[in-house]
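Morning, everyone. Let's take a quick look at one model together. Please pull it up.

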Amino acid sequence: MSLSMYQALIPVAVRNLNNLTAILKRAEAHAVAKKIDPEVFISARLAPDMFPLSRQVQIATDIVKGGAARLAGVEVPSFPDTEKTFPELYARIDKVIEFLKSFKATQIDGSEDRKITLKVGGQEMTFQGQPYLLNFVLPNLFFHVTTTYAILRHSGVEIGKRDYLGSF
């Protein structure tokens, strides 16, 4: 049995974004219980030269909405990166999940050889569809969700691997 481009992207991205919301909710509850200003978590980072948690969430959502749009050959929606609270981060994630769920398999399947060109860090990159999905979109999604998890765990939020993976 083969795995389609749609199956490799949409359900995986939706699951990871739902898990991301769940760990953010655990962080918000932890902040309330411990009387910690939520901004402490939203602006936390693992190292001085890394992006803060809010930016990690923005990039995770940007990478999958851009991936789905480019593979489907539609315009990538642009969202301002202004989220500064947990509810704003949840709203962004929800908006991206809704966008991802709007795609039909027929829009993304067959995009394995589609030419994808985008700018990353001011540099133009060109991919074929399948390597774009497997070597760029999914690894970036996992990296930024994992980094968000790591920031929260490092900050004392009681989350574990099961929270990251979600329920099966």
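Start just past the end of α6, at glycine 156. Its phi is positive, near 100 degrees. Keep in mind that this is a predicted model.

Now step back into the helix itself. α6 covers residues 129–154, 26 residues in total. From first C-alpha to last, α6 reaches 36 Å. The expected figure is 38 Å, at 1.5 Å a residue, so the two are close. Where does α6 kink? At valine 137, by about 25 degrees. Proline 139 follows shortly after that point.

Next, the other end of the chain. Leucine 3 sits in the segment before α1, and α1 itself spans 5–34. Is leucine 3 buried or exposed? Its relative accessible area is 64%. The cut-off for exposed is over 50%, so leucine 3 counts as exposed. Compare its position with glycine 121: the two are 118 residues apart in sequence. In space, C-alpha to C-alpha, they are 31 Å apart.

Last item: how α1 packs with α3. Helix α3 runs over residues 53–72. The α1 and α3 axes come within 11 Å of each other. They cross at roughly 160 degrees. That is over 145, so the pair counts as roughly antiparallel. The crossing is left-handed.

Which residues meet there? On the α1 side, they include Met5, Leu9, Ile10 and Ala13, with Leu17, Leu20 and Leu24 further along the list. On the α3 side, look for Leu53, Val57, Thr61 and Val64, plus Gly67, Ala68 and Leu71.

That's the tour. Over to you.

Definitions and conventions:
Residues are numbered from 1 along each chain as its sequence is written. This is a predicted model: local features need pLDDT of at least 70, side-chain atom pairs count only at pLDDT 80 or more; totals for chains, interfaces and linings use all residues. Side-chain values use heavy atoms; hydrogens and water are left out. Helices (H or I, at least four residues) and strands (E, at least two) are DSSP runs, numbered from the N terminus. The bend at a residue is the angle between axes fitted to the seven residues ending there and the seven starting there. Buried means under 20% relative accessible area, exposed over 50%, partly exposed in between (1.4 Å probe, protein chains only). Axes are lines fitted to C-alpha atoms, for helices over the stretch in contact, and angles run from 0 to 180 degrees between N-to-C directions. Angles under 35 degrees count as roughly parallel, over 145 as roughly antiparallel, 65 to 115 as roughly perpendicular and the rest as oblique. A crossing is left-handed if the near helix is turned anticlockwise from the far one by less than a right angle, and right-handed if clockwise. Contact means heavy atoms within 4.5 Å.
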